[in-house]
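Thanks for sharing this one. Here are my notes, set out point by point so you can follow them with the model open beside you.

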Amino acid sequence: MPDSKNKISKLIKDTAHRIGFDACGIVTTGRLEAESRYFREWLQQGYHAGMSYMNRNVDKRLDPSLLNEWARSLIIMTHNYYPADNSLSEGKYKIARYAYGMDYHDILKDKLGLVVDAIEDEIGAITARVFVDSAPVMEKAWASKAGLGWIGKNSCLIKREKGSFFFLSAIITDLELSYDEASVKDHCGNCTKCMDACPNGAIVAPGVIDSNKCISYLTIEHKGNFDPENRSMLHGWIFGCDICQEVCPFNRFSSPHDEPSFLARRELLEMTEADWKKLSEKQFLALFSGTAVERT
């Protein structure tokens, strides 16, 4: 039995790397005890702002076996999205790097499906669900438990040799597998560059984000019109924000991805300040159809 677990676990990781994931970790499901206290305190402080869905399914969010009673293993993966051309995040009107290309939800779900297919080709049908920001799964916490990185003061998962410009996605399955239990040391130390750089002071404590002040929240999750105060808090970002990652010393190790679907369209890269100011709804849809930005 151990040999079988090791064989399938190796197949999963080999397949993940072959189709473009940078790292893959496997952990047994269970309750996230420490995270439970921190998450509930975060909710009580109102730091989730208008994201009322965060208050739903709290127990399921902290224990995948409550989300799926058959869940035994959680496979967590990272996928680089750092672009070779960062100009869309450097002009007067800025877009977060993860949103340059096609919608990552669709791209990564397809890739996760290929991993499930590889398992089933080897051992037959399994019970599994794939997740890319699509269910109450705390990917960062599980990735940390799997030894893929540590959660930094900006609340991002950080790899010492890679930085933090990568997506997280997961597969939950009924398979019993070989598990990664190697914890990663927190290398942030006394550095507070991310906290100091946030122009709105949204990082209120190490690892704690007040979404009410967060540019990413305001440009993506905020519903309704902007009042003057909200507008002054955007600092030129029109979708997402990378400030707390840009200043992180570990992101000097970031290297460009090789996923064609994450490349920005030529028309988007050629946008001028004047083009942004006169952008019509028709032009918006032409630029962003099929991307994460389209949801706004």
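1. A word on naming before the rest: helices (H or I, at least four residues) and strands (E, at least two) are DSSP runs, numbered from the N terminus. This is a predicted model, in which local features need pLDDT of at least 70 and side-chain atom pairs count only at pLDDT 80 or more, while totals for chains, interfaces and linings use all residues. Residues are numbered from 1 along each chain as its sequence is written, and side-chain values use heavy atoms, with hydrogens and water left out.

2. Let me begin with the sheet. Four strands make up an open sheet, in the order β1-β2-β7-β4, and their pairing is antiparallel; two strands pair if DSSP finds at least two bridges between them. The edges are taken by β1 (23-28) and β4 (128-131), each of which has a single partner strand, so one side of each has no neighbour in the sheet. On average, neighbouring strands are turned by 20° against each other, direction ignored. For angles here, axes are lines fitted to C-alpha atoms, for helices over the stretch in contact, and angles run from 0 to 180 degrees between N-to-C directions.

3. Now to the pairing, strand by strand. β1 is joined to β2 by six bridges, and Ile-26 has Ile-75 as its bridge partner in β2. Between β2 and β7 there are eight bridges, again antiparallel, with Ile-76 opposite Ala-170 of β7. Four bridges link β4 to β7 (residues 166-173), and here Val-130 is partnered by Ile-171.

4. How many residues of β2 are buried? Eight of the eight are, so β2 is largely enclosed by the rest of the structure. Buried means under 20% relative accessible area, exposed over 50%, and partly exposed in between (1.4 Å probe, protein chains only). Both faces are covered, with Ser-73, Ile-75, Met-77 and His-79 buried on one side and Leu-74, Ile-76, Thr-78 and Asn-80 buried on the other.

5. Please also look at helix α5 (residues 104-123), which lies across β2 (73-80), β4 and β7 and runs at about 40° to β7. Its 20 residues should span 28 Å at 1.5 Å a residue, and its end C-alpha atoms are 29 Å apart, which agrees; the expected span is 1.5 Å times one less than the number of residues. Among the buried residues of α5 are Tyr-104, Leu-108, Lys-111 and Val-115. Gly-124 follows the helix and has a positive phi, near 95°.

6. Thr-29 deserves a closer look, in the loop between β1 and α2 (33-44). Thr-29 is buried, at 16% relative accessible area. A polar atom of its side chain lies 3.1 Å from the backbone oxygen of Ala-71. Beyond its neighbours within four places in sequence, Thr-29 is in contact (heavy atoms within 4.5 Å) with residues including Pro-64, Arg-72 and Trp-142.

7. At the other end of β7, so to speak, comes the loop leading to α7 (193-197), where Asp-174 is found. Asp-174 is partly exposed, with 25% relative accessibility. Asp-174 and Arg-72 are 102 residues apart in sequence, yet their C-alpha atoms are 4.9 Å apart in space. The side chains of Asp-174 and Thr-173 share a polar contact of 3.3 Å. A polar contact is a pair of N or O atoms within 3.5 Å; within protein, one must be able to donate a hydrogen and the other to accept it, and residues adjacent in sequence count only if both atoms are side-chain atoms.8. On the cysteines, the structure holds zero disulfides (pairs of cysteine sulfur atoms within 2.5 Å). Why is Cys-194 not bonded to Cys-244? Their sulfurs are 6.3 Å apart, too far for a bond, and that of Cys-244 is the closest cysteine sulfur to Cys-194. Cys-198 is in no disulfide either, the nearest cysteine sulfur being that of Cys-214, 6.7 Å away. Cys-194 is buried at 9% relative accessible area, and Cys-198 is buried at 16%.

9. Finally, two backbone angles to check. Ser-155, in the loop between β5 (150-151) and β6 (157-158), has a positive phi near 75° though it is not glycine, and it is buried at 15% relative accessibility. His-235 also has a positive phi, about 55°, without being a glycine. His-235 sits in the loop between α9 (228-232) and β10 (237-239) and is partly exposed, at 36%.
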